[in-house]
Amino acid sequence: MVRAYRSLLYLYPAACRLEFGDEMTYVFARAQTEVRENGRFLTRAFFYAREFLGLLAGGFTAHLCNLFGLDHWLPFRRFDMRSGFKFPRSTVFLMCLIFAGVVLAIEKAKDITVKYGPPHVRAVGNPLPLFLLLALVAPAVFVAATWGILFALRRTGMHRLSNVDASGPQR
Amino acid sequence: MSAGRVVLSTGTLYGALQRLLSQGWIERFEEDHTPRERRSYRLTAKGRRNLQAETDRMRHLTKLAGLRISCKEA
């Protein structure tokens, strides 16, 4: 099994494999020994599944970081809100990716309509600006307006949070 | 350390170690009488500062939660 693990390390970029490969194999071999001694069949199955998936995910992330030179630019594992990191940048990246996909799909559909659609459909103008307005701008305006109303009614929780004194003694 | 609550695969663990190394939060050091494949890591001064800041942040959050609970109970 250690040999299989070592082969799977080829999923990682070469530099990464050279730096950490021996160490990872050593840690895996030790963990495997422990699981074999103490674990039941199900525990062992979970162990191997976790290791395999971990290698796949780790290899993918390492390649991504290698390609873009981004060590912490894509914090895929950090979708939680932190005080120093209010809005995960990965979300912006994913949103842009999805947006690009949607725009491409619309353009493709438009091409198909122009080429093969009936004449009255071909006469229809470009629906993209209206779509952008409806899909992006309108929800943003709606959310901003709702939040503004809630803030004015002091229902967002921000006022209560600002009143809390964390340095004071606990009751 | 976590009493079995957190179990990491080696892939995940070494991904995290690589990030910490590249950010300069941890460093490698040599230990005597250990196998060649086994490496040891320790916190750098920067890592210690960040750990302290994160611990303070969590302590602050716990305190806020405690206040919130005691307010509800009162």
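**Helix packing between chains A and B**

In this predicted model, helix α2 of chain A, residues 14-38, packs against α1(B) at an angle of about 140 degrees, and the two axes lie 10 Å apart. Because angles over 145 degrees would count as roughly antiparallel, this value makes α2(A) oblique to α1(B). The crossing in which α2(A) passes α1(B) is right-handed.

The residues that form this helix pair can be named on either side. From α2(A) come F20(A), M24(A), V27(A) and F28(A), and they meet T10(B), Y14(B) and Q18(B) of α1(B). By class, the residues of this contact comprise five nonpolar and two polar, with no charged residue.

The helix pair belongs to the contact between the chains, to which chain B contributes 22 residues and chain A 23 residues. On the side of chain B that touches chain A, at least two residues come from each of α1 (10-23) and α2 (45-73). Helix α1(B) gives the most to that side, supplying nine residues. The composition of the side of chain B that touches chain A is five nonpolar, 11 polar and six charged residues. Charged residues are thus present on this side of chain B, whereas the contact of α2(A) with α1(B) has none.

Chain B as a whole provides the setting for these helices. Its secondary structure consists of two helices and two strands, and the order from the N terminus is α-β-β-α. Of the 74 residues in chain B, 7% are buried.

Key:
Residues numbered from 1 in each chain as written. Chains lettered and ligands numbered in written order. Predicted model: local features only at pLDDT ≥ 70, side-chain atom pairs only at ≥ 80, totals over all residues. Helix = DSSP H or I, 4+ residues; strand = E, 2+ residues; numbered from the N terminus. Buried ≥ 20, exposed ≤ 12 C-beta atoms within 10 Å, placed from the backbone. Contact = placed C-beta atoms within 7 Å. Nonpolar A, V, L, I, M, F, W, Y, C, P; charged D, E, K, R; others polar. Axes fitted to C-alpha atoms, helices over the stretch in contact; angles between N-to-C directions. Parallel < 35°, antiparallel > 145°, perpendicular 65-115°, else oblique. Left-handed = near helix turned anticlockwise from the far one by under 90°.
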